Amino acid sequence: MLTKRADFIRASSARRFATPGIHLQARKRGADEVSGMRVGFTCSKKVGNAVARNRAKRRLRAVARAVLPELGRDGWDYVLVGRKDITASLPFDQLLADMRRAVRKVHT
RNA sequence: GCGGAUGGCUGGAUGGCCGCUUGGGGGCAACCCCGGGAGGAAAGUCCGGACUCCACAAAGCACGGUGCCGGGUAACGCCCGGCGGGGGCAACCCCAGGGAAAGCGCCACAGAGAACAGGUGGCCCGGCACGUCCGGGUCAAAGUGAAACGGUGGGGUAAGAGCCCACCGCGCGAGCGGCAACGCAAGCGGCACGGCAAGCCCCACCGGGAGCAAUGCCAAAUAGGGACCCCGCGCGGUGGUGAUCCUUUCGGGGAUAUCAGCCGCAGGUUUGCUUGAACCGGAGGGUCCGGGUUGGCAGCUGGAGGGCAUCUGGCAACAGAUGCUCCAGAUGAAUGGUCAUCCAUCUGUCAGCAAUGACAGAGGACAGAAUCCGGCUUACAGGCCAUCCGCGCAA
């Protein structure tokens, strides 16, 4: 789990890919940093009020849990960014498809 | 049945699969088992408290708040009951509701005139320079305005006028009722005293400041910086507290060392000297500022506790007693993700006179705890209950 603001900023300035439901930002960490896969979630106030932000974040968490164990790579940071209305309302299957597409795209 | 008024409740349900967090238990460990896990507003952060730290003799001033009366409460700007005023046929609702003879200020526009006097017009009397005149008395009609010299009728008069009278209004009000706000009111007064205090103000009462990012403990790491003060430091004097010793006529006197205070003198360098000025000495202590880190644990959920039931006191708010129950503790922040069925809701099509039924689709009010309570305010799809009022119908 990512917790430091600096990690988020570094990830956002690295590789990124946008789909209707998800913005994905990712970064391959340097060899001197900690190992393992890390993931973080961002839902700014643009997404909506507290209820809308929490719901978007929880769906992003569910998507990450479903996709990253099969497609994610060791030594990478992934940041999932929620979008207004769409992240909370898109059918779950499409959200999963978006995530898979985004992860593959970001690795190449 | 229709239309209202008031108070309260609810805020989708069930199941499958995959997860999160917390308490307890087990296990060397991976992990496993059992239990708990958002709201009525968790919201706005507007009041009041608990709690923590800082400050503090008291009082006064200043500043801020509150503002009919009584009660409730830990407290409140909250709640309950009452009073007064206003609205409604009514149930009921609304009120920033102390003081305007303490003082200052304001009262726009309109209007002759806005607070105390003045005079647009009318009426009457007098004057002669007979006029669109002057002086005096007087009305409060028209018109303006949120507000205009009490109203109506009669008497009276030069014309008039509370000048006088009746009724109404207004003011004062003995007395009576009420804990009080206030109410009732004999009688008196010919009427004087306009409004605004959410303009200043006066009066009464209340109020230290900051907040859980409070505060305490532990660990790590950077810097080792700046400013001010003390000390470094001795000698002399002064006067004082206590200690020890000696002495005493018991009041006291003397000696010794020590300690805090005050006063004076006292170091070095620079310029030939003096005065003077400037500068310097460094191991330590204190205060403040700056820089860095912003981790872990405690605070942290048991509290004026909540909920349910019964009883007692009270019109009520509420208080008391007994029994049962325990009800979130996250920290990039858990309390969920997804699928299916049902439940209401809406839309479309079809069938039917209609109630309604079938199929398809949409979509589930406001909204997410962050130290904890009591309130207020604001948001809220739909549904349900109770009491009351008006109208209609029936008996």
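Two residues are taken to be in contact if their C-beta atoms, placed from the backbone, lie within 7 Å. The structure described here is a predicted model. Its scores are ipTM 0.85 and pTM 0.68. Chain A has a mean pLDDT of 78, with 84% of its residues at 70 or more. Within chain A, confidence is highest in helix 4, at a mean of 84, and lowest in helix 1 (residues 5-12), at 68. Where pLDDT is low, the predicted coordinates should not be read in detail.

Chain A contains 4 helices and 4 strands, which follow one another along the sequence in the pattern α-β-β-β-α-β-α-α. Of its 108 residues, 31% count as buried. Contacts in chain A are often made across long stretches of sequence: among those between residues at least 6 apart, 79% join residues at least 24 apart.

The strands form an open sheet of 4 members in the order 1-2-4-3, and the pairing is mixed. Strand 1 (15-18) and strand 3 (38-42) occupy the edges; each has a single partner strand, so one side of each is left without a neighbour in the sheet. Neighbouring strands of this sheet are turned against each other by 15 degrees on average, direction ignored.

Strand 1 and strand 2 are connected by a hairpin of 3 residues. These two strands run antiparallel and are joined by 4 bridges, with strand 2 spanning residues 22-28. Two residue pairs illustrate this arrangement. F17 has L24 of strand 2 as its bridge partner, and A18 stands opposite H23, also in strand 2. Strand 2 pairs with strand 4 as well, again in the antiparallel sense, over 7 bridges. Here R27 stands opposite D77 of strand 4. Of the 7 residues of strand 2, 5 are buried, so this strand is largely enclosed by the rest of the structure.

Two of the helices are placed across pairs of strands. Helix 2 (residues 50-71) lies across strand 3 and strand 4 (76-82), and runs at about 145 degrees to strand 4. Helix 4 (residues 92-107) lies across strand 1 and strand 2, and its direction makes an angle of about 30 degrees with strand 2.

The largest nonpolar core comprises 23 residues, and those with the most contacts inside it are L24, L80 and M99. Two or more residues of this core come from each of strand 2, helix 2, strand 4 and helix 4. L24 is thus both a bridge partner of F17 and one of the residues with the most contacts in the core. Leaving aside neighbours within four places in sequence, M99 is in contact with I22, V63 and V67.

Three further positions were examined individually, beginning with the loop between strand 2 and strand 3, where M37 is located. With 14 C-beta neighbours inside 10 Å, M37 counts as partly exposed. Residues up to four places away in sequence being left out, M37 touches L68, G72, R73, D74 and W76. The C-alpha atoms of M37 and P69 are 9.5 Å apart in space, although the two residues are 32 apart in sequence.

T42 belongs to strand 3. There are 19 other C-beta atoms within 10 Å of T42, which is therefore partly exposed, burial requiring 20 or more. When residues up to four places away in sequence are not counted, T42 touches F8, V79, V81 and G82. T42 and R83 are 41 residues apart along the chain, and their C-alpha atoms are separated by 9.5 Å.

K46 is found in the loop between strand 3 and helix 2. K46 has 10 other C-beta atoms within 10 Å and is exposed, the limit for that class being 12 or fewer. Between the C-alpha atoms of K46 and D85 the separation is 9.7 Å, and these residues are 39 apart along the chain.

Key:
Residues are numbered from 1 along each chain as its sequence is written. Chains are lettered from A and ligands numbered from 1 in the order in which they are written. This is a predicted model: local features need pLDDT of at least 70, side-chain atom pairs count only at pLDDT 80 or more; totals for chains, interfaces and linings use all residues. Two strands pair if DSSP finds at least two bridges between them. Axes are lines fitted to C-alpha atoms, for helices over the stretch in contact, and angles run from 0 to 180 degrees between N-to-C directions. A nonpolar core is a set of buried Ala, Val, Leu, Ile, Met, Phe, Trp, Tyr and Cys residues joined through C-beta atoms within 7 Å. pLDDT is the predictor's confidence in each residue, from 0 to 100.
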